[in-house]
Amino acid sequence: MVHVLSGRTLLRPADPERSRAFYGGQLGLDVYREFGTGPERGTVYFLGGGFLEVAGRSETPPSPALKLWLQVADITAAHEELTAAGVEVVREPVREPWGLIEMWITDPDGTEIVIVEIPADHPLRHRP
């Protein structure tokens, strides 16, 4: 059996500097580590229990099947912070029929990012 110690999502953006400005500047993700030099250097950001690595370059658009799911404690505060930072909100925060509160944004290459708040009364927080 594979014993996984950690994991990360790898993004190969069309414009690495633009993506670093988005993830580090506009989203405000903290940097875990950086490596290499020049415009295609790598930056790894903390994602709570995981990591997001933005490195290299791709001429191919991202797959529409790739989505990032980021949980926040307060979606209203996140909405305010993101709009103040110039992030376009594709879909305003909405409480879904399954009980989660979701807001949608995209990164500069069009990768969809769902920002999620799990309400205190949601079953994901409590096991009977």
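**Exercise 1. Find the bridge partner of Arg-33 in S3, then place the two strands in their sheet.**

Step 1. Look across from Arg-33: its bridge partner in S3 is Val-44. Strands here are DSSP runs (E, at least two residues), and helices are runs too (H or I, at least four), all numbered from the N terminus. We're working on a predicted model, where local features need pLDDT of at least 70, side-chain atom pairs count only at pLDDT 80 or more, and totals for chains, interfaces and linings use all residues. Residue numbers start from 1 along each chain as its sequence is written, and side-chain values use heavy atoms, with hydrogens and water left out.

Step 2. Zoom out to the strands: S2 and S3 (residues 42–47) run antiparallel, paired over four bridges. (To pair, two strands need at least two DSSP bridges between them.)

Step 3. Now the whole sheet: it's open, has four strands in the order S1-S4-S3-S2, and its pairing is mixed. S1 (8–11) and S2 (31–35) each have a single partner strand, so they sit at the edges with one side lacking a neighbour in the sheet.

**Exercise 2. Work out which elements and residue classes line the largest pocket.**

Step 1. List the elements: S3, S5 (67–71) and H2 (75–84) each put at least two residues into the lining of the largest pocket.

Step 2. Pick the top contributor: that's H2, with four residues.

Step 3. Sort the lining by class: twelve residues are nonpolar, four polar and three charged. Here Ala, Val, Leu, Ile, Met, Phe, Trp, Tyr, Cys and Pro count as nonpolar, Asp, Glu, Lys and Arg as charged, and the others, Gly among them, as polar.
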